[in-house]
Amino acid sequence: MGDFLTTSVPAANVSDFYCDEALSGRTPVKVVMQTETVLAFEHTRPSYPVHIVVVPKQHVPSLVNLGDAGEEVLMDVFQMVRKVAAMVREEHGAACVVTNEGDYQESKHLHVHVLWRGDLPEGRA
């Protein structure tokens, strides 16, 4: 497993699996790729046959609320998302890219899911 950057832990009433578990190393993750600022790893409880999560290594609350981070963090994250999505598309023929906001965002740390949901419907291969 690669090196992890340390991050500040948010207030106890805010759920942040990525800082608290994945980036801290408390929960082991299978790294897909990483840079100094971004980590892509296989989801620990995947909902799809291929389910990769891309997160900044510093705490960033969400896509809309960057907290103390500048917009350059979005460039770093989405450069990684592009690479991961291209890899999934190359291997499976399709990729889905999803992020959540507000009440849909269970963990309050910017994260982007790159998915392959399974076989395409007939006629769409």
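A contact here means heavy atoms within 4.5 Å.

**Figure 1. Overview of the predicted chain.** The model is predicted. Among contacts between residues at least 6 apart in sequence, 54% join residues at least 24 apart. Two helices and five strands make up the secondary structure. Read from the N terminus, their order is α-β-β-β-α-β-β. The chain has 125 residues, and 35% of them count as buried. Its accessible surface comes to about 7700 Å². Carbon and sulfur atoms account for 49% of that surface.

**Figure 2. Strand S3 is mostly covered.** S3 spans residues 50-56. Seven of its seven residues are buried. In a regular strand, side chains alternate between the two faces of the sheet. In S3, both faces are covered. One side carries Val50, Ile52, Val54 and Pro56. The other side carries His51, Val53 and Val55. Every residue named on these two sides is buried.

**Figure 3. Strand S2 pairs with S3.** S2 covers residues 38-42. The pairing with S3 is antiparallel. Five bridges make up this pairing. One bridge can be picked out by its residues: Val38 is partnered with Pro56 of S3. Pro56 also belongs to the covered face of S3 that holds Val50, Ile52 and Val54.

**Figure 4. Strand S5 pairs with S3.** S5 runs from residue 112 to residue 116. S3 and S5 are antiparallel and joined by five bridges. His51 has Leu115 of S5 as its bridge partner. His51 lies on the S3 face that also holds Val53 and Val55.

**Figure 5. Ser62, a buried loop residue.** Where does Ser62 sit? Ser62 is in the loop between S3 and helix H2, residues 72-92. Why does Ser62 count as buried? The relative accessible area of Ser62 is 5%, and the cut-off for buried is under 20%, so Ser62 qualifies.

**Figure 6. Polar contacts and neighbours of Ser62.** Which backbone atom does the Ser62 side chain reach? The partner is the backbone nitrogen of Val64, at 3.3 Å. A side-chain to side-chain polar contact of 3.2 Å links Ser62 with Glu101. Leaving aside residues up to four places away in sequence, Ser62 touches Glu101, Gln105 and Leu110. Glu101 thus appears in both views of Ser62: as a polar partner and as a touching residue.

Key: Residues are numbered from 1 along each chain as its sequence is written. This is a predicted model: local features need pLDDT of at least 70, side-chain atom pairs count only at pLDDT 80 or more; totals for chains, interfaces and linings use all residues. Side-chain values use heavy atoms; hydrogens and water are left out. Helices (H or I, at least four residues) and strands (E, at least two) are DSSP runs, numbered from the N terminus. Buried means under 20% relative accessible area, exposed over 50%, partly exposed in between (1.4 Å probe, protein chains only). Accessible areas come from the Shrake-Rupley method with a 1.4 Å probe; for residues, only the protein chains shown count as cover. Two strands pair if DSSP finds at least two bridges between them. A polar contact is a pair of N or O atoms within 3.5 Å; within protein, one must be able to donate a hydrogen and the other to accept it, and residues adjacent in sequence count only if both atoms are side-chain atoms.
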